[in-house]
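The report below works through selected local features of a predicted model, chain by chain. Please keep the sequence and the structure in view while reading.

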Amino acid sequence: MDGYTSVGKRVPQRDAVVKVKGSAIFTKDIKLKGMLHGKMLRSPLPHARILNIDVSRAEKLKGVRAILTYKDTPQIKFSISPTWADKLPLESEKVRYVGDEIAAVAAVDEDTAMEALDLIHVDFEELPAVYDPSEAMKPGAPIIHDAFENNIARVINMECGDIEKGFAGSDLILEETFTTQAQSHSPIETHCCVATCEPNGQITVWANSQAPHSLRQRLSYALGVDASKIHVITPFIGGGFGSKIDLEPSQAACVLLSRKSGNPVRISNTRQEQYMFTRLRHPTIEKMRIGVNRGGKIIAKEARVVMDNGAYNSHGPAVLSYNNVMFSTLYRVENIKYEGYLVYTNKNWGGACRGYGDPQVTFAQESLLDMIAEQLKMDPIELRLKNANNPDEVTANKVFITSCGLKETLKEARDAADWAEKKVNKPRHRGIGMASMIYTGGGSIGSGSNYSGATVQVNADGTIHLMAGAVDIGQGSNTVLAQMAAEILGVDPDNIRLTTADTDVTLPCMGTFGSRVTLCAGNAVFQAANEVKKKLLEEAAEMLEANKEDLEINEKRIFVKGSPGVSVTFAQVASAVHYKKRKTLIGHGYYNGPEVVPKDFDPVSYRGYPSPAMVFGTHIAEVEVDPETGRVDVVNFVAAHDLGKAINPLLAEGQIEGGVVQGIGWALTEEVKFENGRILNPSFHDYKIFTIEDAPKISAILIEPIDPNGPFGAKGIGECAMVPTAPAVVNAIYDAVGVRIKDLPATPEKICKALKEKSTS
Amino acid sequence: MRGIMKMKKTHQIQVAVNGEAYTCLISSKTTLLELLRDDLDLTGTKEGCDEGDCGACSVILNGKLVNSCLVLAVEADDGEITTIEGLDRGDALNPIQAAFVDSGAVQCGFCTPGMIMTTKAMLDEIPDPSEEQIKHYLAGNLCRCSGYVKIMDAVKSSIKRSE
Amino acid sequence: MRNFEYMKPDKLEDALSAFQEHEDALLLAGGTDLLVGMKYGLLRPQHIIDLKAISDLSAFRNEKGWEFGALTTIRDMEKSEILRNRMPFLCQAAGTLGSVQIRNRATLGGNLCNASPAADMATMFLAMDSQVRIMSVNKEKVIPLDGFFSGPNATVLGKGEVLTEIMIPEDIEKCRGCYLKFGPRKAMDIGIVNIAVLLDADKESGLCKKARIALGAVAPTPVRAKRAEEILNGNVLSPDLIAKAAQAASGEINPISDFRASADYRKELVKILVARVLNTLLAKSPIS
């Protein structure tokens with residue numbers, strides 16, 4: 001219909017064959033000669049001063065080759081941004097959570113390394129700890145980082161319009177407090193890093209990182225090593241969901257251990273370590289107030305959020321900013337107030353987790369709107385339609401909305417889910433609920449940049465090589481980027497060779513997160529492929545003695561329109577260029593955020609927030625609730641997403657389906673449970689991610705408005721699909737049995753208790 | 001079954017993996033997973049949890065689907081083992097592998113070898129399983145990327161292809 | 001895992017004498033609990049005796065009642081056609097344990113001797129009036145399974161004693177039964193509450209001749225709900241009687257609150273689910 005030959009096609013992942021054969025190399029599959037195994041020594045206490053570290057006994061253990069403490073590091077604090085830096089790779093003065101890194105050992109095998117850890121003696125002075133962010137904010141609470149009064153790492157205050165006037169003019173105001181819990185990404189592949197260090201100081205790192213170029217920068221920063229000496233390569237990655245973006249202290253330790261020992265070193269997390277010592281979704285307490293007029297228009301809305309940072313920053317400040325901007329940008333509302341606090345506690349720290357602060361605030365907003373719809377006796381979908389964003393609008397918080405398919409997602413989800421019928425005619429204890437969302441469809445410039453680079457090179461024999469910094473973490477960006485390049489060059493995507501995410505070879509890419517890769521890396525590929533196409537056509541025009549404008553490309557052959565017999569192949573052009581001329585056929589593309597950064601952009605609140613595109617969606621969940629046990633079964637699910645032009649609908653559906661199941665898990669069964677700072681359930685058998693028996697039928701619907709800022713009109717999808725899932729499920733539970741769960745997860749026990757309270761009142 | 005009559009810390013074992021015979025010298029504590037990945041360089045079988053909860057390490061041992069992380073290598077002495085590497089014939093993919101590729105059931109690919117081995121074991125046992133039987137059989141294989149929708153499609157497609 | 005000495009005797013008497021000789025030795029059956037415990041460092045045996053070469057320990061047969069060798073795998077029980085015809089509730093219970101991968105290795109004896117308060121086979125076999133044969137170098141005894149468990153992960157097995165066989169009486173086959181495992185997911189769960197129910201009721205009068213209710217995950221060991229059984233035994237079954245029995249079952253347990261569930265909720269679940277299972281079994285009977 002749109003005439004594309006590659007873009008828009010449901011093709012399987014180009015990497016799928018090596019994956020099904022078991023020949024795809026993941027980081028832990030790498031074995032190097034003389035490779036040692038590293039383990040980290042971690043704090044057993046949630047908050048303590050380090051008085052002394054004695055490694056002497058461990059050093060004597062047979063098989064131990066290197067031990068590190070903070071003395072082996074330049075003691076430079078790091079985070080995802082230097083401005084937020086609060087973590088040392090190995091702590092020197094204090095430990096701030098159970099698991100805080102103190103030392104590292106490399107030995108001939110893991111068992112010896114573990115034995116060596118037992119021989120390292122640390123003297124601590126235990127300090128009072130605080131686990132509840134509301135308590136941590138109070139005067140007199142134990143101070144976790146000296147520089148932060150009241151343990152507050154970031155405050156966001158943002159107002160648009162006139163909030164008091166807005167509420168005064170509302171016919172109905174509802175206020176509620178919602179809480180959300182820590183979620184663990186639970187990728188099936190744990191963190192793993194292999195590092196070697198040459199005698200000349202050249203470091204090579206293989207890491208399952210979602211952001212290898214950023215990893216190189218952060219390693220350089222934290223270790224005081226010139227970035228040019230660090231080469232980061234990403235093997236295949238077994239899922240990330242945000243957990244593999246940061247510089248991990250164990251990655252820094254891995255590099256230093258290899259430097260100190262002179263051997264390659266591998267550090268790999270056990271599943272227990274993955275749960276206890278890698279990032280989590282920030283828990284939140286969200287107090288929200290929304291005022292509407294009788295007709296359902298939102299007149300004013302206000303949120304006060306306390307976000308639990310855990311012991312260190314990681315992405316925390318940006319996650320709070322996203323929490324604000326997603327709250328403030330969804331729906332057309334003039335009067336908005338947001339007050340947000342990011343608070344340190346002595347627990348495992350939060351980081352980027354699929355949705356990045358958006359699921360938390362969407363849970364609150366979409367639950368509260370459901371309550372408002374009920375009081376207005378208005379259909380929840382009608383309420384959203386009345387307030388939905390439109391394309392080509394600027395919101396009250398000065399965010400540009402380019403393409404917008406929110407209304408279409410509402411309508412199509414409604415029809416696909418048979419909403420009208422099911423709202424009215426449903427069996428007992430069954431319910432249907434919905435929620436909508438907004439997210440970035442092209443990353444953001446909030447942290448200062450939003451870059452992705454790509455190169456397309458045609459070799460002397462006519463083969464095409466696409467090199468892009470973007471990382472495929474399983475979502476299929478390799479396939480999608482190749483499809484884009486193939487479309488432009490008029491070839492089959494299988495004809496494109498691909499190298500990605502290698503800091504020595506590929507132009508930088510900020511990383512795979514924020515649903516940015518399709519748009520940002522895609523734009524870079526678009527530029528690069530078009531540049532090389534132009535060069536090919538210019539050369540071919542000369543060879544064919546024709547005008548460039550009269551030429552067409554098909555299946556690696558360039559011919560004159562209307563005269564298919566007059567043609568040259570890519571190979572012939574490339575050969576002529578390389579052997580007869582002093583030219584090359586290389587195109588570059590480099591994208592860095594939207595074209596114009598608004599002058600009133602605020603890098604804290606993200607007001608005036610420049611993302612090249614925003615994406616929208618609507619989820620509808622159908623549930624059956626056991627009225628005695630409180631157990632919830634999701635029997636059907638519809639997820640409609642506006643993602644601009646779907647470059648590969650098969651892979652886009654895969655993202656949506658996977659996100660929905662993670663979202664349902666967050667709604668019903670997943671919770672990282674803490675007691676006095678210790679995680680009680682660090683395993684697959686006690687942290688409950690869905691099995692195939694739990695997963696419902698899911699209909700993924702793609703809404704494709706063409707976005708002016710996206711390559712072929714495409715926007716992102718990766719993080720979006722778990723943003724509105726939890727409120728859709730919780731709203732459905734309310735519809736089924738009349739109880740509203742305001743603190744996630746909505747476990748059977750909570751629902752059972754709520755049902756009993758309802759029946760006695 | 002050959003016994004080991006005296007207490008020993010190291011053992012010489014014979015295993016047939018994907019039709020090839022190997023003699024290996026191992027410790028008592030070596031797991032079958034470690035034997036495959038570290039000693040025989042068959043890294044297609046993955047470690048997801050090392051405690052039998054995720055199925056990423058699934059292999060077929062003497063005709064039975066097992067989590068190789070919970071089998072000692074010495075227990076597999078004299079055994080026949082099939083791993084993911086044993087499924088395809090050079091260029092041609094096994095019908096289950098082909099179905100996983102074509103259905104979009106492969107995202108990050110880390111759970112994939114285990115998922116495919118489980119599918120193979122299931123179809124060897126139940127050539128035409130119902131959807132309920134498929135779910136029950138695959139319940140021990142966790143996937144975090146896909147939501148299982150396209151995995152179910154792939155398994156159903158495998159049934160058709162194997163017919 | 002630390003390394004250890006391993007042997008795999010092919011005669012039971014060799015296993016028993018090695019077990020007697022090495023005080024720290026642990027027995028290896030399916031390994032699905034043992035290896036996990038060793039990986040976590042909770043179990044550090046220096047000697048392991050693998051029982052799988054001893055023939056006859058993994059067979060099960062029907063003579064007067066049923067005799068299961070301790071090394072019968074859960075999967076063999078799940079898939080057995082003869083068991084499905086004669087005691088379908090046993091196959092059903094077996095199918096709830098772990099995954100296919102686990103069930104292909106895990107054994108009945110291992111599940112009983114690991115003695116988790118939430119052990120599935122332990123709960124089911126407790127409801128089946130089981131007896132266990134325990135052997136050591138010079139001794140052999142048969143004791144009821146009821147009384148075999150002494151605490152969380154603890155049994156009455158003494159030094160050198162090995163569980164070799166599990167026997168159930170023939171009248172169990174006359175019962176209808178059901179095993180219910182309640183957890184947050186549909187699979188791969190340690191139950192918050194496990195319920196095994198057997199009912200032998202007269203088809204015409206509805207008179208309950210034998211009721212057995214065993215509960216898991218609600219006490220330090222799997223337990224029989226004997227007061228609930230007393231309410232049912234010898235009486236005509238009805239939804240009211242069942243409700244009384246379920247209430248009694250809930251009252252006679254003292255579960256803990258842990259991060260999986262609170263004690264109150266566990267008690268509530270026992271009340272709801274015991275009633276539900278009994279009513280389902282009642283409904284399948286031709287009298288109603």
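## Hairpins around strand E13 of chain C

In the hairpin formed by E13(C) and E14(C), where six residues lie between the strands, Ala217(C) takes a positive phi near 70°. The two strands of this hairpin run antiparallel and are joined by two bridges, with E14 of chain C covering residues 223-224. Within this pairing, Leu215(C) stands opposite Val223(C) in E14(C).

E13(C) also pairs with strand E12 of chain C (residues 193-201), again in the antiparallel sense, and here the pairing extends over eight bridges. Ala196(C) is found opposite Ala214(C) of E13(C). The hairpin of E12(C) and E13(C) likewise has six residues between the strands, and in it Gly206(C) adopts a positive phi near 80°. As for the surroundings of E13(C), which spans residues 208-216, seven of its nine residues are buried, so the strand is largely enclosed by the rest of the structure.

## Strand E5 of chain C and its two partners

Elsewhere in chain C, strand E4 (residues 60-62) and strand E5 (residues 66-69) pair in the antiparallel sense over three bridges, and the hairpin that joins E4(C) to E5(C) passes through three residues. One of the residue pairs can be named: Arg61(C) has Glu67(C) in E5(C) as its bridge partner.

E5(C) is further joined by four bridges to strand E10 of chain C (residues 162-168), and these two strands run antiparallel. In this second pairing, the bridge partner of Trp66(C) is Ile168(C) in E10(C).

## The two domains of chain B

For chain B, the domain assignment gives domain 1 as residues 10-86 and domain 2 as residues 95-162. The C-alpha centres of these two domains of chain B lie 21 Å apart, and twelve residues of domain 1 of chain B are in contact with eleven residues of domain 2 of chain B.

On the side of domain 1 of chain B that touches domain 2 of chain B, strand E4 of chain B (residues 58-61) gives the most, contributing three residues. Sorted by class, that side of domain 1 of chain B has seven nonpolar residues, four polar residues and one charged residue.

## Backbone features in loops of chain A

Two residues of chain A that are not glycine have positive phi values, and each is placed in a loop. Glu545(A), whose phi is near 50°, belongs to the loop between helix H15 (517-544) and strand E22 (551-554) of chain A. Because Glu545(A) has 8 C-beta neighbours inside 10 Å, it counts as exposed. Lys556(A), with a positive phi of about 60°, is placed in the loop between E22 and strand E23 (557-560) of chain A. Lys556(A) has 18 other C-beta atoms within 10 Å and is therefore partly exposed.

A further feature of chain A concerns a peptide bond: the bond that joins Leu744(A) and Pro745(A) is cis, with omega about -5°. Pro745(A) is placed in the loop between helix H18 (725-737) and helix H19 (748-760) of chain A.

Technical notes
Residues are numbered from 1 along each chain as its sequence is written. Chains are lettered from A and ligands numbered from 1 in the order in which they are written. This is a predicted model: local features need pLDDT of at least 70, side-chain atom pairs count only at pLDDT 80 or more; totals for chains, interfaces and linings use all residues. Two strands pair if DSSP finds at least two bridges between them. Domain bounds come from an automatic or database domain assignment. Two residues are in contact if their C-beta atoms, placed from the backbone, lie within 7 Å. Ala, Val, Leu, Ile, Met, Phe, Trp, Tyr, Cys and Pro count as nonpolar, Asp, Glu, Lys and Arg as charged, and the others, Gly among them, as polar. A residue is buried if 20 or more other C-beta atoms lie within 10 Å of its own, exposed if 12 or fewer, and partly exposed in between; C-beta atoms are placed from the backbone.
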